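Biologist: I'm new to this one and would like to learn how to read it. Could you walk me through it, one feature at a time?

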Amino acid sequence: MIRHVFPATLLIAMLAGCQSSPVQEAFAADPEASAGSERQTSAARSSAPESPADSEAASPADFGDWLEGFRREARQEGIRDTTLARALDNVRYRPRVIELDRSQPEFVRPIWQYLDSAVSNTRINQGRSKLAEHRDTAHQMEQRYGVPAEIIVSIWGIESNYGGNFGDFSTLDALATLAFDGRRRDFARGELLAALRIIDTGDIPPERMVGSWAGAMGHTQFIPSSFEAYAVDGDGDGRRDIWGSIPDVMASTANYLARAGWQAGEPWGIEVRLPDDFDYAQTELATRRTSRDWAEQGVRSVSGDALPDFSQSSVLAPAGARGPAFLVGPNYRAILRYNNATSYALAVGTLANEIAGRGGIQANWPRDEEPLSRNQVREMQRALNDRGFDVGTPDGVMGPNTRSGLRQYQRSIGATPDGFATVRLLERLQR
């Protein structure tokens, strides 16, 4: 959804409005969330009337007064009165949006369960069918933007289940509610202003602007500021319609990836085998080497073919030494700009491979391992700090510092230092 964010041990929380879509919400609590994601920070900051203080619960009875203040600000920003009337006269406070915004699920699913759902046989077959149905449009966008048709269709499938579930919340209701009473009120105000500008330019009428509880809209699940920046009129009718026009949906998706740095003619990555003595401290996206460098370390493709010729590539092992490993290049990082979660990017790439008939992930996941809850990650971080493996302030997120400290501990006990956190490892650490 949107936009996104996010990797760590590769656990992912399913959220919000689009129940079948695995993407992260800009306002959702995601254990892999990173405020550095472009879609997270792209909204313009506004000087709208202050909502109740973050430490205080807003009273729904005050929503009308807040909305009138916001209406005055939007008028000062140049939004026409006719648009304000059409868009805001029927806006209402939605308590369910606040419930979803404040939910903080303690338990998250391991990456293999996420991929089982995101790259299910049903979704693969649907993707092949959708590509066949819209082949001319998909290939036209591939020619225009350099993004393969199967990648475009894959993102469509993961974002909204090929349009089958992009949410039924009024975007205006959702964003107004979040701007009044949410956790990221300034961000939501900026997105609400962007939504008004979209309506003001005539791209979509207010009643058709629907999506998830967090303001992610249409087939592509763009938040309004991403729509303004990347949505494209693909069918030439003068409007950008990511709700009803498949050419617009495909063009907007491809344009986003192209602007994110997609390299035409390169794969997103491949599955690889790592040598027994591989240094798993290198399995961070920030570690980049040439394909030749990785090959010299004994990294081999599972297919037996030569590694792609990447000048800047990373090796990822999201489930540690017992799970699959991947060599990823610039196009993988472009997918992360759409949604900054390793699990999401692997799902997009794997689904695209399956749609194109190239097959899926070959190695087995360690399905017998029990991943950690957020509270257990905090316990692990405290235990590592207590033993002298400094990981910083315990926050329940498996980031690079925590993985580094965990690897040091694993070395100290003679275990493979892959930085993959499990319940068994936590129990040993706490002895």
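Modeller: Let's start with strands: two of them pair if DSSP finds at least two bridges between them. The elements themselves are DSSP runs, numbered from the N terminus: helices are H or I and at least four residues, strands are E and at least two. Here, Val-272 stands opposite Ser-301 in β6. One caution early on: this is a predicted model, in which local features need pLDDT of at least 70 and side-chain atom pairs pLDDT 80 or more, while totals for chains, interfaces and linings use all residues. Residues are numbered from 1 along each chain as its sequence is written, and side-chain values use heavy atoms, leaving out hydrogens and water.

Biologist: Which strands form the open sheet, and in what order?

Modeller: There are four of them, and you can read them across as β6-β5-β8-β7, with antiparallel pairing. At the edges sit β6 and β7, each of which pairs on one side only.

Biologist: Let's go across it, then. How many bridges join β5 to β6?

Modeller: Two, and the strands, β5 at residues 269–273 and β6 at residues 300–301, run antiparallel. Besides the Val-272 and Ser-301 pair, look for Arg-273, whose bridge partner in β6 is Arg-300.

Biologist: And how many bridges join β5 to β8?

Modeller: Four, again with the strands running antiparallel; β8 covers residues 325–328. To find this pairing on screen, pick Gly-269 and look across to Val-328, its bridge partner in β8.

Biologist: That leaves the other edge. Over how many bridges do β7 and β8 pair?

Modeller: Three, in the antiparallel sense. A good landmark is Val-315, which lies in β7, residues 314–316, and has Leu-327 in β8 as its bridge partner.

Biologist: Is Val-315 buried or exposed?

Modeller: We go by relative accessible area: buried means under 20%, exposed over 50%, partly exposed in between, using a 1.4 Å probe and protein chains only. Val-315 counts as buried because its relative accessibility is 0%. Its C-alpha atom is separated by 7.2 Å from the C-alpha of Leu-285, although the two residues are 30 apart along the chain.

Biologist: Back to β8: which way do its residues point?

Modeller: In a regular strand, side chains alternate between the two faces of the sheet. In β8, Ala-325 and Leu-327 point one way, Phe-326 and Val-328 the other way, and all four are buried.

Biologist: Now the backbone angles. Which residue has a positive phi of about 60°?

Modeller: The general idea is that most residues other than glycine have a negative phi. Tyr-162 goes against that: its phi is positive, about 60°, and it is not a glycine. You'll find Tyr-162 in the loop between α8 (149–160) and β3 (169–170). With 4% relative accessibility, Tyr-162 counts as buried.

Biologist: And where does Gln-221 lie?

Modeller: Gln-221 sits in the loop between β4 (210–211) and α11 (224–230). Its phi is positive too, near 55°, and this is another residue other than glycine. Gln-221 counts as buried, since its relative accessibility is 0%.

Biologist: Last topic, the inside. How many residues does the largest nonpolar core have?

Modeller: A nonpolar core is a set of buried Ala, Val, Leu, Ile, Met, Phe, Trp, Tyr and Cys residues joined through side-chain atoms within 4.5 Å. The largest one here has 93 residues, and those with the most contacts inside it are Trp-66, Ile-151, Leu-172, Leu-196, Met-209 and Tyr-344. Helix α15, residues 342–355, gives this core its largest share, eight residues. Apart from it lies another core of 15 residues, including Met-380, Leu-406, Val-423 and Leu-425.

Biologist: So on my next look, I'll start from the β6-β5-β8-β7 sheet, then find the loops holding Tyr-162 and Gln-221, and finish with the 93-residue core.
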